[in-house]
Amino acid sequence: MLLHIPEVLSREQVISIRQRLDQADWTDGRATVGPQGAQVKQNRQLPEHSPVGLELGKIVLAALARSPQFFSAALPLRTIPPLFNSYAGGEHYGLHVDGSVRQMPGSTLSLRTDVSSTLFLCDPEEYEGGELVVVDTYGTHEVKLPAGDLILYPSTSLHKVEPVTRGTRVCAFFWTQSMVRDDWQRTLLFELDQNIQKLRARIGDAQEVVGLTSHYHNLLRQWAEL
Ligand code: NI
């Protein structure tokens, strides 16, 4: 499932994060990829242990925790502290797949990357190019969202970032290990949950809504790995 979640961050949060990032020290983005990624990746990132990055990452995680859509779609077990990247002057990231297992920084825990997220921190008018292109079984999707909006996609998909030919593209990105490993099962649960929410808003907690809610939780109980 490819899902656009609008306004994960408010305009004020985006402005304040951008101000902090403008003054940060960026390094070569190849520090956080394996050998295949390193051949096609050309951008800049905040270092994984950068104090500014960790602090801004906490703001992003707090915003995700307030997003029912993110929870419903990702069913997060754990999320890696968000990283920040920047593309300008033709920088790009060629077609690649994200590494399947990552170490949680500062912990002995590993994380299986089930869901990848990109949170846009620039508006589309601020730069040319820089589309996130995700290839899945339904075809190729180009994504370029307003600042504060997030795109979530399965980590199993091939994807790339097109060259940024004008201006600068700044984003946060991160991975989530889901309670439900399989993208198709997550999609079924998401659609069921969204329809239950709409039904509840329309007719309240009727017996049928309670029945469907029970069905949702029993499916999640079947499929969740904790
Ligand atoms: Ni990637």
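Start with the second largest pocket, where about 370 Å³ of space lies. Keep in mind throughout that this is a predicted model.

**Stop 1: the second largest pocket**

To find the middle of it, select Tyr93, His96, Asp98, His159 and Trp175, which lie nearest the centre of this pocket among its 26 lining residues. Now colour by secondary structure. You'll see that α2 (35-40), β6 (83-88), β7 (92-96), β10 (115-120), β15 (158-161) and β16 (164-178) each put at least two residues into the lining. Strand β16 has the largest share, with four residues. Try colouring by residue class next: the lining of the second largest pocket splits into ten nonpolar, twelve polar and four charged residues.

**Stop 2: the nickel ion**

Keep His96, Asp98 and His159 selected and bring up the nickel ion. What coordinates the nickel ion? His96 and His159 each use NE2, while Asp98 uses OD, at 2.1 to 2.2 Å. Along the sequence, these donors follow the spacing H-x1-D-x60-H. Trace the backbone from Asp98 to His159 and you'll see a pair that links distant parts of the chain: Asp98 sits in the loop between β7 and β8 (101-103), His159 sits in strand β15, and 61 residues separate them. Switch on a surface if you like; both Asp98 and His159 are buried.

**Stop 3: Thr118 in β10**

One of the strands that line the second largest pocket is β10, so stay with that strand and click on Thr118, which lies in it. Is Thr118 buried or exposed? Its relative accessibility is 7%, so it counts as buried, the cut-off being under 20%. Show what surrounds it. Beyond its close sequence neighbours (those within four places), Thr118 is in contact with Leu132, Asp149, Leu150, Ile151, Tyr153, Arg169, Cys171, Ala172 and Phe173.

**Stop 4: the largest pocket**

Next, move over to the largest pocket, with a volume of about 460 Å³. Select Met1, Pro154, Thr156, Asp183 and Trp184 to land nearest its centre; the full lining runs to 24 residues. Both β12 (132-136) and α5 (183-203) supply at least two residues of this lining. Which element gives the most? That is α5, with five residues. By class, the lining of the largest pocket has seven nonpolar, nine polar and eight charged residues.

While you're here, pick out Thr156. You'll find it in the loop between β14 (150-154) and β15. Thr156 has 68% relative accessibility, so it counts as exposed. Draw a distance from Thr156 to Val97: the two are 59 residues apart in sequence, yet C-alpha to C-alpha the gap in space is 6.7 Å.

**Stop 5: the two domains**

Colour the chain by domain, with 3-178 as domain 1 and 183-223 as domain 2. Their C-alpha centres are 29 Å apart. To see where they meet, look for the ten residues of domain 1 that are in contact with eight residues of domain 2. The largest pocket takes part of its lining from either side, with at least three residues drawn from each domain.

Zoom in on Ser178, which lies in strand β16. Ser178 is at 0% relative accessibility, which means it counts as buried. Leaving out residues up to four places away in sequence, Ser178 touches Ala74, Leu75, Pro76, Leu77, Arg112, Asp114 and Arg186. For a contrast in sequence and space, select Asn195 as well: Ser178 and Asn195 are 17 residues apart in sequence and 21 Å apart in space, C-alpha to C-alpha.

**Stop 6: two positive phi angles**

One of the residues touching Ser178 is Leu75, so click on that next. Leu75 lies in the loop between α4 (68-74) and β5 (76-79). Its phi is near 45°, a positive value in a residue other than glycine. Leu75 is at 0% relative accessibility, so it counts as buried.

Finish at Glu7, in the loop between β1 (3-5) and α1 (11-22). Phi is positive for Glu7 too, near 50°, and again the residue is not a glycine. Where does Glu7 stand, buried or exposed? With a relative accessible area of 67%, Glu7 is exposed.

Note on methods. Residues numbered from 1 in each chain as written. Predicted model: local features only at pLDDT ≥ 70, side-chain atom pairs only at ≥ 80, totals over all residues. Heavy atoms only, no water. 1 Å grid on protein atoms, 1.4 Å probe; cavity = no way out; pocket = protein on both sides within 12 Å on 5 of 7 lines; lining within 4 Å. Points joined across faces, edges and corners; volume = space filled by probe spheres on them. Nonpolar A, V, L, I, M, F, W, Y, C, P; charged D, E, K, R; others polar. Domains from an automatic or database assignment. Donors = N, O, S within 2.8 Å, 3.2 Å for Na, K, Ca; no water. Buried < 20%, exposed > 50% of the residue type's maximum accessible area, 1.4 Å probe, protein only. Contact = heavy atoms within 4.5 Å.
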